[in-house]
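Got your viewer open? Let's walk through this one selection at a time.

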Amino acid sequence: MPKLSFNISQQKLIKLDIKDKKIIYYLVQNARMPFTDIAKKVLLSKESVQYRYHRLIKKKVILKTFARVNFEKLGFQKFHLLLLIDESKMERVKELRAYLGKHPHVNKVTHFSDNWDFEIVIRARTVRNFYETVSTILSTFQDIVLRKNIEAVIDIHENNCFPEVKTLELSSK
């Protein structure tokens, strides 16, 4: 039986040891955690953690570290727009991607290979602002949008961790 792979991008996978995985785990928990604190938790020297960190950046395992902003505290709501697209018009699909990538209210765009082609996460202060954004997107690309669905986010539970390390953490308690 052939081995199934869901690595659609076909990128070369990077092998990580447990120390690298723990460094990533702690950075995901707090991107601003000092190397000295990570070193104590991972049982390495500060210099070793710095070396591994920079190696993970060079290999594009760590893409960037940043502050996570709670946009709801700033008055923004999160909405999802799901689109089914006529993908036979690839030039227009590329234009849609470029448009969404530059749109100030679009937070994230995910391209799927199933029932919906795109999930677009939109941040807006009001429902009216959201519908204005959606209306603009739909009218601009009405020639390729076959179907749409709109969802408001009620609640999110994110388990922001490195799965293998989280399992180790839980089993050692």
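This is a predicted model. Start by selecting Asp17 and Lys19, at the start of helix α1: a side-chain oxygen of Asp17 comes to within 3.1 Å of the backbone nitrogen of Lys19.

Now extend the selection to the helix itself, residues 18-29. Its 12 residues, at 1.5 Å each, should span 16 Å, and the end C-alpha atoms are 16 Å apart, so the two agree. Show side chains and look for the buried ones: Asp20, Lys21, Ile23, Ile24, Tyr25, Tyr26 and Leu27.

Next stop, strand β1, residues 77-85. Seven of its nine residues are buried, so the rest of the structure largely encloses this strand. Which strands does β1 pair with? One is β3 (residues 118-124), antiparallel over seven bridges; another is β4 (residues 145-152), also antiparallel over seven bridges. To see individual bridges, pick Lys78 with its partner Arg123 in β3, then Leu83 with Lys148 in β4.

Keep Leu83 selected and add Ile85, Leu96, Phe118, Ile120 and Ile122: these have the most contacts inside the largest nonpolar core, which has 19 residues. β1, α4 (90-102), β3 and α5 (127-140) each supply at least two residues of this core.

Zoom in on Ile120. Leaving aside residues up to four places away in sequence, Ile120 touches Phe79, His80, Leu81, Leu83, Leu100, Val106, Lys108 and Val109.

Last selection: Ile23, Leu27, Val42 and Val49. They are among the 13 residues of another core, which lies apart from the largest one. Ile23 and Leu27 take you back to α1, where both are buried.

Note on methods:
Residues are numbered from 1 along each chain as its sequence is written. This is a predicted model: local features need pLDDT of at least 70, side-chain atom pairs count only at pLDDT 80 or more; totals for chains, interfaces and linings use all residues. Side-chain values use heavy atoms; hydrogens and water are left out. Buried means under 20% relative accessible area, exposed over 50%, partly exposed in between (1.4 Å probe, protein chains only). Helices (H or I, at least four residues) and strands (E, at least two) are DSSP runs, numbered from the N terminus. Two strands pair if DSSP finds at least two bridges between them. A nonpolar core is a set of buried Ala, Val, Leu, Ile, Met, Phe, Trp, Tyr and Cys residues joined through side-chain atoms within 4.5 Å. Contact means heavy atoms within 4.5 Å. The expected span of a helix is 1.5 Å times one less than its number of residues. A polar contact is a pair of N or O atoms within 3.5 Å; within protein, one must be able to donate a hydrogen and the other to accept it, and residues adjacent in sequence count only if both atoms are side-chain atoms.
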